[in-house]
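Dear colleague,

Please find below the structure we discussed handing over. My notes on it follow directly after.

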Amino acid sequence: MMLFKHTNAIKSYLYKKKGEGETIGFVPTMGALHQGHLSLINQSVKENDITVCSIFVNPSQFNNKKDFENYPTDIDDDIKKLEKHNCSIVFVPSVDEIYPDENLKHQAFDFNGLDKYMEGAHRPGHFNGVATVVKRLFEICIPHRAYFGKKDFQQLRIIQHVVNIHNMNTDVVPCEIYREPNGLAMSSRNRRLGEEEKEVASSIHKVLTEAKKDFLSGISLERTKKKMTEQILANRLFSVDYIEFADSKSLRPIQNYNETTQCILCIAVYVNEVRLIDNISVF
Ligand code: AMP
């Protein structure tokens, strides 16, 4: 596996390879890699000649300084994992490599309302930061395909939108949520959970699954949400940031089944200090 730290070096390498007809798959990450990330790497390795994984904790997408400072990093371990999974290139840039100019850090995007709800509403500026870094990384890595997890469903929708309106020549490939055997969606933030907290966090997926069943059996959305909130708050370690049934395309929250033909149920909770998100496709 090759390791690049400098933008110009990786850019000229990949331009050359692309010119020679090789296909490039790209998996952008913030490191502290787990099996969820590696499932994206596996898929890219299968579908492309070259797989590039970037590891960059992007300061401009954190609206909470403490969250940024506490974000786990483990670069040596990440490199070992990527090597084992046949990743071709790891790109580990510094902040200055990605943002040589201060005003590159915060570009303004029109997300056509996709950022108004859920993560966008609860983390002001977050998606502008995400779109800024992804656009920059795409310009550097010029991928044919880029792999994004459905765990960050709103992020995936927003990236699809940005790629579309900017006519970027990249296929965005949505990837399934990879879970622990107990249902907990894998996340770098899980490293910050103690054993009891992990156990508690595993109920998020159970609550989502039960809510989907309730909803499909005809129980009203309002009652389903109320029951979910009660189930979550029954454990003293939990607090709820939001629970939202939304149209999977526009991400607009819905109040009734008949408001959409494709529905996703999204949740954000805190287990003590650690914020976790998850979702389930309802229909
Ligand atoms: P992150 O390092 O958290 O920025 O995540 C990098 C990529 O991995 C994003 O596209 C995430 O959606 C994806 N990802 C994170 N956790 C999972 C998971 N449990 N299953 C599938 N994809 C994931």
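L251 sits in the loop that connects β7 and β8. Please bear in mind throughout that this is a predicted model. The phi of L251 is near 70°, a positive value in a residue other than glycine. Most residues other than glycine have a negative phi. L251 has a relative accessible area of 0% and is therefore buried, the limit for that class being under 20%.

A second residue of this kind is N272, found in the loop between β8 and β9. Its phi is near 50°, again positive in a residue that is not glycine. Is N272 buried or exposed? Neither term fits, because its relative accessible area of 38% makes N272 partly exposed. β8 and β9 form a hairpin with 2 residues between them, and N272 belongs to the turn.

The antiparallel sheet

These loops join the strands of an open sheet of 3 strands, in the order β7-β8-β9, with antiparallel pairing. β7 (238-247) and β9 (274-281) stand at the edges; each has a single partner strand, so one side of each is left without a neighbour in the sheet. From one strand to the next, the twist averages 15°.

Strand β8 (residues 263-271) is joined to β9 by 8 bridges in the antiparallel sense. Two of the residue pairs may help you to find your way: I267 has D278 of β9 as its bridge partner, and C266 has N279 of β9. Although β9 is an edge strand, 7 of its 8 residues are buried, so β9 is largely enclosed by the rest of the structure.

Helix α10 (residues 203-216) lies across β7, β8 and β9 and runs at about 30° to β9. Further along the chain, T224 has its place in helix α11 (residues 221-233). T224 counts as buried because its relative accessibility is 1%. Apart from neighbours within four places in sequence, T224 is in contact with A211, D214, F215, I219 and F245.

The parallel sheet

The other sheet to describe is an open one of 6 strands, with parallel pairing and the order β1-β4-β3-β2-β5-β6. Here β1 (2-4) and β6 (171-175) stand at the edges, each with a single partner strand, so one side of each is left without a neighbour in the sheet. Neighbouring strands of this sheet are turned against each other by 25° on average, direction ignored.

Strand β2 (residues 24-29) and strand β3 (residues 50-55) run parallel and are joined by 6 bridges. In one of these pairings, F26 has V52 of β3 as its bridge partner.

Two helices lie across strands of this sheet. α1 lies across β1, β2, β3 and β4 (89-91), and runs at about 145° to β4. α7 lies across β2, β3, β4 and β5 (145-149), and runs at about 150° to β2.

Helix packing

Two packed helices are described by the angle between their axes and the distance between the axes. Helix α1 (residues 7-19) packs against α7 at an angle of about 55°, with the axes 8 Å apart. The two helices are therefore oblique to each other. On the α1 side the contact is made by T7, I10, K11, L14 and Y15, and on the α7 side by R136, E139, I140 and C141. These residues divide into 5 nonpolar, 1 polar and 3 charged.

Helix α7 (residues 126-141) also meets helix α8 (residues 153-165): their axes come within 10 Å and cross at roughly 55°. That angle makes α7 oblique to α8, and the crossing is right-handed. From α7 the contact involves F127, V130, A131, V134 and F138, and from α8 it involves Q154, Q155, I158, I159, V162 and V163. Which kinds of residue make up the contact of α7 with α8? They divide into 9 nonpolar, 2 polar and no charged.

A distance across the model

A9 is found in helix α1 and counts as partly exposed because its relative accessibility is 34%. The C-alpha atoms of A9 and S217 are separated by 56 Å, and these residues are 208 residues apart along the chain.

Yours sincerely

Note on methods
Residues numbered from 1 in each chain as written. Predicted model: local features only at pLDDT ≥ 70, side-chain atom pairs only at ≥ 80, totals over all residues. Heavy atoms only, no water. Helix = DSSP H or I, 4+ residues; strand = E, 2+ residues; numbered from the N terminus. Buried < 20%, exposed > 50% of the residue type's maximum accessible area, 1.4 Å probe, protein only. Contact = heavy atoms within 4.5 Å. Pairing = 2+ DSSP bridges. Axes fitted to C-alpha atoms, helices over the stretch in contact; angles between N-to-C directions. Parallel < 35°, antiparallel > 145°, perpendicular 65-115°, else oblique. Left-handed = near helix turned anticlockwise from the far one by under 90°. Nonpolar A, V, L, I, M, F, W, Y, C, P; charged D, E, K, R; others polar.
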